[in-house]
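The following exercises ask the reader to work from a structure to a description of its chains. Please examine the sequence and the coordinates before turning to the solutions.

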Amino acid sequence: MLPLEIIFNILVAGIFLVYWGVAFIILYHLTRFGIGVQPKKFAAAFLFSSVVFSGVAIILFMNIDINLLIPQ
Amino acid sequence: MIKSLFSIFRDSPNSFEGQEKDEEVILLLRRHPFTVLLSLTLFSLACFVPIVVGVVFWSYLSTHGWLNLYFFVSNVWLLSFWLAIFHSLTMYTLNTVIITNRRIIDSDQHGFFNRQIAELHSHRIQDISIHTNGLIETMLKFGDVTVQTAASEKQFTFHQIPRPDRVKDVIMQIARSRDSGVKTMVQ
């Protein structure tokens, strides 16, 4: 594996970790401190959309050939 | 089973942490949706940046074989603004004023880990004033509600509340019913 590929993979893993870390905090606040129906709706919409976007991001990440970035 | 599961998105008793026995929530107030609309519009516009970049640099990206990378980066960009949108919505949702038959609870969420809660018992309410400032607030019917307490010149201000005149009437009704012992009815 090329060093560039390793760096790229670590970077993407870091981005995903940060995203799901912040997503957890948002979901926690909405479900733990939210009063009424509205926070529950927001939490459900956010969780569903996050799963969909993350799934799409994983599929797109698997299609990337990082070697194309290196000038031949 | 499924019906009862989805009922949490329809009905809620508006219960909250620290609610006393026989304490009824009369009004649950949040700021007017217009106040969060500006940041949501800006974040939504930022979501369109990858589309513009894609349209402008499409031939360049396709000749270098960078389309997959472009789609991935666009998706990450969208994810980051999706977080920003829901951060704004979370802050908006968690900024609440709860009016119960016994007290008023003002919960201000300034950040994820920065929360301020103030409480005012109905028997300490002295007088209430409302302040609608500017064209937008007048047109969309929202404004500030200030409650003066009996304590040493302490004031409670609830900012950008929809229909402040109605809120003022409800609070006055609660304060009066507390003195007379008549139960408050809100339609």
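The exercises below concern a predicted model, and each task is followed by a worked solution.

**Exercise 1. Confidence**

Task: State the scores of the model and the average pLDDT of chain B.

Solution: The model as a whole scores ipTM 0.90 and pTM 0.87. For chain B, the average pLDDT is 88, and 94% of the residues score at least 70. A general caution applies: coordinates predicted with low pLDDT should not be read in detail.

**Exercise 2. The form of chain A**

Task: Describe chain A by its secondary structure, its radius of gyration and its box.

Solution: Begin with the secondary structure, which consists of two helices and zero strands. Next, take the radius of gyration: chain A has 17 Å, whereas a compact globule of 72 residues would have a value near 11 Å. The box filled by the C-alpha atoms of chain A, along the principal axes, is roughly 60 × 15 × 15 Å. Finally, buried residues account for 21% of the 72 residues in chain A.

**Exercise 3. The form of chain B**

Task: Establish whether chain B is compact or spread out, and how its domains are placed.

Solution: Chain B contains six helices and seven strands. In sequence order, these follow the pattern α-β-α-α-α-β-β-β-β-α-β-β-α. The globule rule gives 16 Å for 187 residues, but the radius of gyration of chain B is 23 Å, so chain B is more spread out than a compact globule. Its C-alpha atoms fill a box of roughly 80 × 50 × 30 Å along the principal axes.

The domain assignment then gives domain 1 (40–89) and domain 2 (97–180) of chain B. The C-alpha centres of these two domains are 42 Å apart. As to burial, 20% of the 187 residues in chain B are buried. Of the contacts in chain B between residues at least 6 apart in sequence, 55% join residues at least 24 apart.

**Exercise 4. The interface**

Task: Identify which element of chain B gives the most residues to the side that touches chain A.

Solution: Count the residues in contact: 29 of chain B meet 29 of chain A. On the chain B side, the elements giving two or more residues are α4 (67–94) and β2 (96–100). Of the elements, α4(B) gives the most, with 16 residues. By class, this side of chain B has 18 nonpolar, ten polar and one charged residues.

**Exercise 5. The nonpolar cores**

Task: Locate the largest nonpolar core and name the elements that give two or more residues to it.

Solution: The largest nonpolar core has 17 residues; among those touching the most other members are B:Leu29, B:Val97, B:Ile104 and B:Val147. The elements that give two or more residues to this core are β2, β3 (103–111), β6, β7 (155–162) and α6 (164–180) of chain B. Beyond its neighbours within four places in sequence, B:Val147 has contacts that include B:Ile104, B:Leu120, B:Phe156 and B:Ile171. Apart from this core lies another, of eleven residues, among them A:Phe46, B:Ile85, B:Phe86 and B:Leu89.

**Exercise 6. The setting of B:Val145**

Task: Decide whether B:Val145 is buried or exposed, and list residues that it touches.

Solution: First, place B:Val145 in strand β6 (residues 142–149) of chain B. Then apply the cut-off of 20 or more other C-beta atoms within 10 Å: B:Val145 counts as buried because it has 24 C-beta neighbours inside 10 Å. Residues up to four places away in sequence aside, B:Val145 touches B:Ile128, B:Ile130, B:Phe158, B:Ile161, B:Pro164, B:Val167 and B:Lys168.

Key
Residues numbered from 1 in each chain as written. Chains lettered and ligands numbered in written order. Predicted model: local features only at pLDDT ≥ 70, side-chain atom pairs only at ≥ 80, totals over all residues. Helix = DSSP H or I, 4+ residues; strand = E, 2+ residues; numbered from the N terminus. Rg over C-alpha atoms; globule rule 2.2 N^0.38 Å. Buried ≥ 20, exposed ≤ 12 C-beta atoms within 10 Å, placed from the backbone. Domains from an automatic or database assignment. pLDDT = per-residue confidence, 0-100. Contact = placed C-beta atoms within 7 Å. Nonpolar A, V, L, I, M, F, W, Y, C, P; charged D, E, K, R; others polar. Core = buried A, V, L, I, M, F, W, Y, C linked by C-beta atoms within 7 Å.
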